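Okay, hi everyone. Let's have a look at today's structure together, and please stop me if anything is unclear.

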Amino acid sequence: FIAYPYIEVSTGFLPRSDHDLLLMNDAPHHLATHDEFCGALFYTLLNTEPCTVEDFSEKAREFGLSNQFIKIIVEASRQEIQLVRFDCDGDRIEGLALIEEEEKG
């Protein structure tokens, strides 16, 4: 077996505009949906060379995904994490505020 490092991230870190886009099979780097379409798995970038990051960022923005989504995928890539699982029950990221908390404030 081959094991791949992954992180679980709460969808609370993403704007609501991202939520439906995460479930679309043609979203950039989308791998699969899970939990009866309540979450999604994305693969990260193979490298973090500026041209690779810019190409991914451009495709994600054109698809309608937020800068926050891009930031999470790129940072996971920099930390050599190969998969990101977005889910409403996902983990919190230290130092990053949940979107709902910002909207309430």
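Here's something to start with: is the crossing of α2 and α3 left-handed or right-handed? Take a second to turn the picture around. It's right-handed. Before I go on, please keep in mind that what we're looking at is a predicted model.

Let's stay with those two helices. α2 and α3 pack at an angle of about 145°, and their axes are 10 Å apart. Who touches whom? On the α2 side we have V53, F56, S57, A60 and R61, and they meet N67, F69, I70, I73 and V74 of α3. Sort the residues of that contact by type and you get seven nonpolar, two polar and one charged.

Now α3 by itself. This helix covers residues 67-78, which is twelve residues, and here's a nice little check you can do yourselves. With 1.5 Å a residue, α3 should span 16 Å, and since its end C-alpha atoms are 16 Å apart, the two agree. Right after α3 comes E80, with a positive phi of about 60°.

Which residues of α3 are buried? They are Q68, F69, I70, I72, I73, V74, A76 and S77. And what covers them? Among the covering elements are two helices, α1 (16-22) and α2 (50-63), plus the strands β1 (6-10), β3 and β4.

That brings us to the strands. Four of them make an open sheet, and the order across it is β1-β4-β3-β2, with mixed pairing. Why do β1 and β2 each have one side without a neighbour in the sheet? Because they stand at the edges, where each has just a single partner strand. On average, and ignoring direction, neighbouring strands in this sheet are turned by 20° against each other. Our friend α3 packs on this sheet too: it touches β1, β3 and β4, and its direction makes about 145° with that of β4.

Let's zoom in on β3, residues 39-43. With β2, residues 30-34, β3 pairs in the antiparallel sense over four bridges. If you want to find them on screen, A32 has L41 as its bridge partner, and T33 has A40. β3 also pairs with β4, residues 83-87, again in the antiparallel sense, over five bridges. There you can look for F42, which stands opposite V84 in β4.

So, to wrap up: α3 packs against α2, and α3 also packs on the sheet. Okay, that's me done, happy to take questions!

Definitions and conventions:
Residues numbered from 1 in each chain as written. Predicted model: local features only at pLDDT ≥ 70, side-chain atom pairs only at ≥ 80, totals over all residues. Heavy atoms only, no water. Pairing = 2+ DSSP bridges. Expected span 1.5 Å × (residues − 1). Buried < 20%, exposed > 50% of the residue type's maximum accessible area, 1.4 Å probe, protein only. Contact = heavy atoms within 4.5 Å. Axes fitted to C-alpha atoms, helices over the stretch in contact; angles between N-to-C directions. Left-handed = near helix turned anticlockwise from the far one by under 90°. Nonpolar A, V, L, I, M, F, W, Y, C, P; charged D, E, K, R; others polar.
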